[in-house]
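Work through the exercises below with the sequence and the model open. Each task is followed by a solution in steps.

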Amino acid sequence: MYKKFQLDNGMNVILVESHKSPVVSVQLWVKTGSADEVKGEEGLSHFIEHLVFKGTRKFKVGEIASIIEGSGGELNAYTSFDQTVFYVTISNKFTEVGLEAVSEMVGFPKFEAEEIDNEREVVLEEIKRGLDSPDRQASQLLFSTMYSKHPYGRPVIGYEKVVKNVSRKKILNYFHSRYVPTNMTLVVTGAFDKKTIKNDIKKYYSEFVDEKLEKRKREKEPKQEKPKIKIKTGAFKKNSMYLSWPIPKINHKDIPALELLALIFGQGDSSRLMGPLRIEKPLVHSVGSSLYTPLDKGFFTTSFSLNMENINEVLKILLEQFESLLSKHVSSEELFKAKIIMDSDDYYSLETVGGLAQKVGNYEHLFDDYKYSEKFKKQIHAVTAGEILSVARKYLKPQLISFVGMVSEQDAEVKKMIKKWIKNYEAMYVVAKKQKNNQEKSKQKQTKIKNYKTSLKEGAFKKLQLKCGASLVVKQDFETPLISFKAACLSGVRVEKIPGSIQLLSNIWATETKNLSELELYHTVDSMAAAISSFGGRNTIGLSMNCLNQFQKPMRDIFIDMLKAPVLSQDIIDRERHMLKEQLKRRSDNPAQMAVLQFTENLFQEHPYSIDLLGTEDSLDSINKKDLLDLYYNSVSTDNLNIVLTGAVNIEEWVKYLEHALKDIPKASDFRQKKFNFSLPQSKQLYTHSDKNQSHILLGYPGLTFKDDKRYTLSLIQAILSGQGGRLFLELRDKESLAYSVAPLRMEGIDAGYFATYIGCSPEKGKKAIKMLKEELKKLVTDKVSEEEILRAKRYLIGSHDIDLQKNSSVATSILFDDIYDVPFDETYKFAEKINSVTAKDVQALSKELFLQEEVISVVGSIKPW
């Protein structure tokens, strides 16, 4: 059920009913963003997004978050160039609570002077966090190059000088001129009560004052007459490059063809760029093509990251690929595959009520038509190969190129190479656009995604023991045609003999089968809009598959071939070994990750959990194919195989299939998991110097195991500390403005675990941050948590758990890891019962057990905090 109406004050409301889960999403879309700001206001939209959480006419600072989280909901917001969106996802029992919370935040914020000053510091910390990110810095360079005059060229977060000095008066003036009902759309999706929803909305949103909307005129981007080159040296190991062209607004008739062009050229493992640049030879770390389609004119971009020693070869291949794109039609198979991938998005993206609200809000915002997705789908289906060739030639002109790079060194030399490449592109373009050719006829039968209709709703949920010895858990769900199929074995770093082996094996396992080469595999899987991958970690290794039920039979055949007989070609081993070594070299770009690794290495010491999953360059070099096959055969056996199947499946047919398919996998009845001892004899303080703008700090202790009954109590402790209504956020961020990011972290393992607190802050704040983290943990030891706070934490955990289980793949993952660690397979559906049984006394007792132990403090930053 879709329904749109307007309140008397001019606010638009869209209702979309969905009963897949007992959850509701409330999203208020405000049609204002950073592109609507003028000089001196840069960053105000984003600043206001923060400030509306800092008290309203009814609620004090932190109360709205506490109420939403105490009702089992999630509350947040985001700002972009064109809009600011405030949203709540919550149980349908508390729909009215969600409606009131969003209305109070956006309709009646206080903007108290003290809170404005407090939040300035938080936003400044967020700006510093962005300065330390190679991806954010490269992206900003791209946008400032593509938009030299248009406000899309400015960072959404704004500038430090504006955030530091902007007055309360200016904030209020901007708010009252843009955040008005006629500039807002309320989207509510999910299992709401259609009898009461309209009156509830009127109750909370009709009060919004119908102030006059101040129209803002955005400066237009001048027409580009010649190529732009912008190469900048950054303090990062990662080299990021963008090759981009301007395109028209999203409502232009050429956009559907451009979307398909981007998908064919650089999206997915079977795209044109992935083969020569990443698969056949590891010339890039990543590569892709996409469209940026905001409210105003956007751009087509091809992005890639690489080692600069490969740039000449990468540029040569890019030129060849663009020549092919500009000189002849894409194949029928490529076009079919792209269309089926876009079709499947209707099922994959709409599994959650939040995803549904996002899609509806986006179409309403961009097209003034919340049902535009159906029109857009028809436009996509109507696109021909000839139209794709036409738009490629129309928009990918040499004079419209913008070539942007954030590189680690020698920016002048890189600029010379780019200039030469553009000249070669100009010559190629002249010849390519004159080429005439006919579209190739398809050599395969092209299957379309079927409309999914079923009368089945309720399904079985049970565990079976297959004759071969493997465990199978099946949970039927017929609400959507999606299927998730996962298999895992106990393994991981606990079993590997050479550090990095489990990561290398998991990177290789899902790249080919005995019947399909790597490129054939990727093309086959993408043509069914499916996904298949392998995973490995501290305790397990396995395979995962997601697909539509109409493709389940060919996809499961691929999955079983992969499971039973990994190919592990030497060239792929060498390639992925190289990629892992490159990840190690770029690790300094991620100081937060460095802090975590330093923490786990020194906490776990001789235990395998201390080992870096990536290994070392030397250990990776020592791994050969025999080592990987030995690791596979030591891990994969039918009595060490746990399988989970969820979605729209026929249980009897699947069981029959699996009984036959798995019979060849050996049974290793003597398989045992080795047990490891773990203790932390003394506290440690660890510091690594980094020249980044922020310090990253972990304070932590030995934790629990997967099967420890106290893990539910630990979940409650984590919830008391986390979330916007949690103690860490309120005390360290809201009150003291120490950081943008502060949170508890935890890991459970087979025989060891940890519980830690994390903060990313300015280096000079590190000492105070550690002191306050310790104080918050000490309070849990010395003071009994109030029943009110216990109730908030319980509802927050239970609600978040239910929200997470909206996705079929999330359900499968949760069941799989419970089952493999000998936790009852259905325990995820007893989560509420387990959490509700925890008492304040339990919380204090476990806090004493954990937080009076020896501790580890790990810091990566520019100032030593002791």
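**Exercise 1: contacts of one helix residue**

Task: find which residues Val-655 touches, leaving out residues up to four places away in sequence.

Solution. Step 1: with contact taken as heavy atoms within 4.5 Å, Val-655 touches Leu-464, Leu-466 and Leu-472. Step 2: Val-655 belongs to helix α24, residues 651-661; helices (H or I, at least four residues) and strands (E, at least two) are DSSP runs, numbered from the N terminus. Step 3: from Val-655 to Ile-264 the C-alpha distance is 37 Å, with their positions 391 residues apart in sequence.

The model is predicted: local features need pLDDT of at least 70, side-chain atom pairs count only at pLDDT 80 or more, and totals for chains, interfaces and linings use all residues. Residues are numbered from 1 along each chain as its sequence is written, and side-chain values use heavy atoms, with hydrogens and water left out.

**Exercise 2: a strand residue**

Task: place Met-184, state whether Met-184 is buried or exposed, and list what Met-184 touches.

Solution. Step 1: Met-184 is in strand β6, residues 184-190. Step 2: the relative accessible area decides the class (buried under 20%, exposed over 50%, partly exposed in between; 1.4 Å probe, protein chains only). Met-184 has 1% relative accessibility, so Met-184 counts as buried. Step 3: leaving out residues up to four places away in sequence, the contacts of Met-184 are Met-11, Asn-12, Leu-28, Trp-29, Val-30, Val-106, Tyr-179 and Phe-208. Step 4: Ser-544 is 360 residues from Met-184 in sequence and 41 Å from Met-184 in space, C-alpha to C-alpha.

**Exercise 3: positive phi**

Task: describe the phi angle and surroundings of Phe-111 and of Leu-568.

Solution. Step 1: most residues other than glycine have a negative phi. Step 2: Phe-111 is not a glycine, yet has a positive phi of about 55 degrees. Phe-111 sits in the loop between α3 (95-107) and α4 (113-131) and is buried, at a relative accessible area of 3%. Step 3: Leu-568 has a positive phi near 55 degrees. The loop that holds Leu-568 runs between α19 (552-564) and α20 (570-585), and Leu-568 is buried at 1%.

**Exercise 4: salt bridges**

Task: how many salt bridges does a search of the whole structure find, and what are the details of the pairs Arg-272 with Glu-334, Glu-413 with Lys-416 and Arg-746 with Glu-748?

Solution. Step 1: a salt bridge is a side-chain nitrogen of Lys or Arg within 4 Å of a carboxyl oxygen of Asp or Glu. The search finds 56. Step 2: in the pair Arg-272 and Glu-334, the closest N and O atoms are 2.8 Å apart. This pair links distant parts of the chain, 62 residues apart: Arg-272 is in the loop between α9 (255-266) and α10 (274-279), and Glu-334 is in helix α12, residues 332-348. Both Arg-272 and Glu-334 are buried.

Step 3: for Glu-413 and Lys-416, the closest N and O atoms are 3.6 Å apart. Both are in helix α16, 3 residues apart, about one turn of the helix. An α-helix has 3.6 residues a turn, so residues three or four places apart point the same way. Glu-413 is partly exposed at 39%, while Lys-416 is exposed at 54%.

Step 4: Arg-746 and Glu-748 have their closest N and O atoms 2.8 Å apart. Arg-746 is partly exposed at 22%, and Glu-748 is buried at 15%. Step 5: a network of salt bridges links Asp-36, Asp-82, Arg-178, Arg-218 and Asp-296.

**Exercise 5: an enclosed helix**

Task: why is helix α17 described as largely enclosed by the rest of the structure?

Solution. Step 1: helix α17 covers residues 501-508, and 7 of its 8 residues are buried, so α17 is largely enclosed. Step 2: those buried residues are Ser-501, Ile-502, Gln-503, Leu-504, Leu-505, Ser-506 and Ile-508. Step 3: the elements that cover them include β15 (531-536), β16 (540-548), α20 and α23 (625-635).
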